[in-house]
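Reader: I am a first-year student and would be grateful for a close look at a single part of this structure. Please explain how its aromatic rings and their surroundings are arranged.

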Amino acid sequence: MENNTEPKRVAVVMAGGYGARLWPRSTEKMSKQFIHLLGEGTMIQNTINRVSKIFDMEDIYIVTIKKMVNHIKKQLPDLPEENIIVEPFIRNTAPCLALSAVILSRKYGPDTVMAVFPSDHIIFNKGEFYQAVNIACDAAGQTNGIVTIGIQPTRPEKSFGYIQFKRNKREDLGELYSQGVRYSTTFAEKPDTATAKRFIDSGDFLWNSGIFVWTFQTFWDSMDKHWPEDTAIFKILHDHVGKDSFNANVEQTYKQVTSLSIDYALLEKADNVFVVQSFFRWSDMGNWDELYRLSMKDARNNVIEGDVIPVNSHNCLVSAKGKLIGLVGVKDLIVIDTDDAMLICKRGQSDDVLEVVDFLRRKKISSLL
């Protein structure tokens, strides 16, 4: 008798990054996923709220580093404490997901679908988001492939990664094709403006949302093939899950493995990658320029937060905290005030805030990081 039962689904939310481009609001003590930037809650609260509409809370896991665990417990009291996966230190997304898969593979079967979400995205049109995730989960189970969600681009954005897809219809996709599933051919890192425009004009590039879906079996098969040496190190951990020896072995593993993104370790090498063409409004909220773009403006195109007096000033993002900021005769500025530091930046250059953070790290000024 045929078994039509849908495979089990679990969600893994990655929440270990620092969001340095949003300094000085986002710091190592309180990184961007735990602060309020847009909407009602913090970004991680909004992420879990979205994901919990399509996954049971008991099947939602957050992977993070030790110093962020208390923030998660405080902001997400309904999340079971055992659903927090702790990395010994940041080692990029490939180790992060390998560790998650090691732990969860002991609880869930190899056909279980694992959906991976960043914790720091802004998503509108939630109904379309839910539909895209459900299609991606179905596709991962039916194709035994790696499935991504791509967003139809609306502008030549240089701050996002891109995915190229095959336009030709493939009979082997069946009903999935009519649901927007395509074979992907190329992953492109953040391009310059001219290249981004060529991507848009070609009509076969999507923004890379950073949402990935696969079964545990597909994940391990693909990692064995494309990242074999590091994957072998992680597989040693299988025998330690649930034992007193686990944490010590995780730390030892993290000291040995390569710090690499899942894009480089797996997606750019695999030939069984699919993309769900999606149309919901999305942002990875990577810098202050993106917050300005998404925020409501006043009559002079300013975004004002806090105690600010703008006089003859245009196109600025100003966030005041604890003191009055007077803005006179300026345009295209980003001004972010906090208790410890202030950022003044020209709009369009907020990616370069990383250079300030790098300077603080070189000088070991940890109190401001």
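Author: Two residues are in contact when heavy atoms of theirs lie within 4.5 Å. With that meaning in hand, and bearing in mind that this is a predicted model, one may begin with Ile65. This residue belongs to strand E2, which spans residues 60-65. Its relative accessibility is 4%, so Ile65 counts as buried, the limit being under 20%. Once neighbours within four places in sequence are set aside, Ile65 is in contact with Gly16, Tyr18, Val86, Glu87, Phe89 and Ile90. A further value concerns Ile85, which is 20 residues from Ile65 along the chain: the C-alpha atoms of these two residues are 8.2 Å apart.

Among the contacts of Ile65 is Phe89, and this residue leads to the aromatic rings. The structure holds 16 aromatic pairs. In one of them, the ring centres of Phe89 and Tyr254 are separated by 5.8 Å and the ring planes meet at 85°, so the pair is edge-to-face; the cut-off for that class is an angle over 60 degrees. Phe89 is found in the loop between strand E3 (84-87) and helix H3 (93-105), whereas Tyr254 is part of helix H9 (residues 246-256), so the pair ties together parts that are 165 residues apart in sequence. The two partners may also be described by their accessibility. Phe89 has a relative accessible area of 28% and is therefore partly exposed, while Tyr254, at 0%, is buried.

The elements E3, H3 and H9 appear again in the second largest pocket, to whose lining each supplies at least two residues. The space in this pocket is about 610 Å³. It is lined by 20 residues, of which Ile84, Val86, Ile103, Phe246 and Asn247 are the closest to the centre. One of these, Val86, is also a contact of Ile65. Sorted by class, the lining comprises 11 nonpolar, 3 polar and 6 charged residues.

Other aromatic residues complete the account. Phe55, Phe117, Phe129, Tyr130 and Phe280 together make up one aromatic cluster. Some rings also have a charged residue over them. The charged end of Arg182 is placed over the ring of Tyr177, at 3.7 Å from the centre of that ring. In a similar way, Lys297 lies over the face of Tyr292, with a value of 4.7 Å to the ring centre.

How values were computed: Residues numbered from 1 in each chain as written. Predicted model: local features only at pLDDT ≥ 70, side-chain atom pairs only at ≥ 80, totals over all residues. Heavy atoms only, no water. Phe/Tyr/Trp six-rings, centres within 6.5 Å; stacked < 30°, edge-to-face > 60°. Helix = DSSP H or I, 4+ residues; strand = E, 2+ residues; numbered from the N terminus. Buried < 20%, exposed > 50% of the residue type's maximum accessible area, 1.4 Å probe, protein only. Lys NZ or Arg CZ within 6 Å of the ring centre and 35° of its normal. 1 Å grid on protein atoms, 1.4 Å probe; cavity = no way out; pocket = protein on both sides within 12 Å on 5 of 7 lines; lining within 4 Å. Points joined across faces, edges and corners; volume = space filled by probe spheres on them. Nonpolar A, V, L, I, M, F, W, Y, C, P; charged D, E, K, R; others polar.
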